[in-house]
Amino acid sequence: MDSTLSGFTPIGATTLLAPLPVVLVSCQGTSPDLRIPNLITVAWTGIVCSNPPMLSISLKPQRHSYRQILESQCFCVNLVDRSLCRATDYCGVKSGRDINKFETLDLHPLYLPDFDAPALAEAPAFLCCRVSEIKELGSHTLFLANIKESYVRTTLMSDRQVNLENAHLISYAHGQYYPVSPSSLGFFGYSVARKKTLKRRTAKKR
Ligand SMILES: Cc1cc2nc3c(=O)[nH]c(=O)nc-3n(C[C@H](O)[C@H](O)[C@H](O)COP(=O)(O)O)c2cc1C
């Protein structure tokens, strides 16, 4: 292996982190001009803390959803599968300022008790988030949020565990959508697992 930089091309300070989750963030404001439920496609998102469970999304201030979330201080992060891929792209190029994306795409808002943002009924899973901190970064503003509750489609549960093997989730890498392969390469910690554990965990999969 050549351990010099000769095999690499410098491409500058870029956001080339891949693959990324791509999600549909659902939200709704409270004032009349922001009240129509909306969906925005977001790739700048990630889990940032497990206890308390927290995530972040980064939005440009010109987004309609930015104003809605600023007003309601909450949003849902909806995971997306293959069947939602086209809608995901569409919600990333059309603004809720001009159209009702739920209606146009024949998607359905799911209203949750005591929560000021709808979820996406067609999503395989969603996380209900409440904003805890807002930080202007430059082109994007970071919304740090506490995950208050999460829901997963019951068909994706097995033995009381979430099993995403058959969820057909999609990811995003450098401008393209990709399927997340259902065949697992290993479980968390498999590289250091004892033979007995490996055997048990692998047998369970079959
Ligand atoms: C794959 C993809 C990922 C995107 N990620 C983000 C993002 O992380 N933050 C953001 O502000 N806009 C992002 N966008 C752009 C918005 O989704 C887009 O501007 C959308 O039309 C805004 O809708 P709104 O005006 O209803 O809020 C993304 C678009 C696509 C297609």
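## Strand pairing, core and ligand shell

Strand β4, which covers residues 45-50, runs antiparallel to β5 and is joined to β5 by 5 bridges. The model in which this pairing is found is a predicted one. Between β4 and β5 lie 2 residues, and the two strands together form a hairpin; within this pair, Gly 46 of β4 stands opposite Ser 56 in β5. Strand β5 also pairs with β10, again in the antiparallel sense, over 6 bridges, and here Ser 58 has Leu 142 in β10 as its bridge partner.

A further pairing belongs to an open sheet of 3 strands, ordered β1-β13-β14 and paired antiparallel. Its edge strands, β1 (20-21) and β14 (176-179), each pair on one side only. The antiparallel strands β1 and β13 are joined by 2 bridges, and Leu 20 stands opposite Tyr 172 in β13. In general, the strands of a sheet pair through backbone hydrogen bonds, in either a parallel or an antiparallel manner.

The table sets out the three strand pairs for which bridges are described.

| Strand pair | Bridges | Sense | Opposite residues |
|---|---|---|---|
| β4 and β5 | 5 bridges | antiparallel | Gly 46 and Ser 56 |
| β5 and β10 | 6 bridges | antiparallel | Ser 58 and Leu 142 |
| β1 and β13 | 2 bridges | antiparallel | Leu 20 and Tyr 172 |

Taken as a whole, the protein chain has 4 helices and 14 strands. Its C-alpha atoms fill a box of roughly 60 × 50 × 35 Å along the principal axes, and buried residues make up 28% of its 206 residues. Of the contacts with a separation of 6 or more, 64% are accounted for by residues 24 or more positions apart.

The largest nonpolar core has 37 residues, of which Leu 24, Val 25, Phe 75, Cys 76 and Phe 126 touch the most other members. Two or more residues of this core come from each of β2 (23-27), β3 (38-42), β5 (53-59), β6 (74-79), β8 (119-120), β9 (125-136), β10 (141-152) and β13 (170-173), and the greatest contribution, 5 residues, is that of β6. The surroundings of Phe 126 can be given in detail: once neighbours within four places in sequence are left aside, Phe 126 is in contact with Cys 76, Val 77, Asn 78 and Leu 79, with Ala 119 and Leu 120, and with Tyr 151.

Helix α1, residues 64-72, has as its buried residues His 64, Ser 65, Arg 67, Gln 68, Ile 69 and Ser 72. These buried residues pack against β2, β3, β5, β6, β9 and β10. After α1 comes Gln 73, with a positive phi near 65 degrees.

The ligand is surrounded by 22 residues, the closest being Trp 44, Ser 65, Gly 92, Ser 95 and Gly 96. Two or more residues of this shell are given by each of β3, β5 and α1, and the most, 4 residues, by β3. By residue class, the shell around the ligand divides into 8 nonpolar, 9 polar and 5 charged residues. Ser 65 links two parts of this account, for Ser 65 is one of the buried residues of α1 and is also among the residues closest to the ligand. Strand β5 likewise recurs, pairing with β10, giving residues to the largest nonpolar core and giving residues to the shell around the ligand.

Technical notes: Residues numbered from 1 in each chain as written. Predicted model: local features only at pLDDT ≥ 70, side-chain atom pairs only at ≥ 80, totals over all residues. Core = buried A, V, L, I, M, F, W, Y, C linked by C-beta atoms within 7 Å. Buried ≥ 20, exposed ≤ 12 C-beta atoms within 10 Å, placed from the backbone. Contact = placed C-beta atoms within 7 Å. Pairing = 2+ DSSP bridges. Near = placed C-beta within 6 Å. Nonpolar A, V, L, I, M, F, W, Y, C, P; charged D, E, K, R; others polar.
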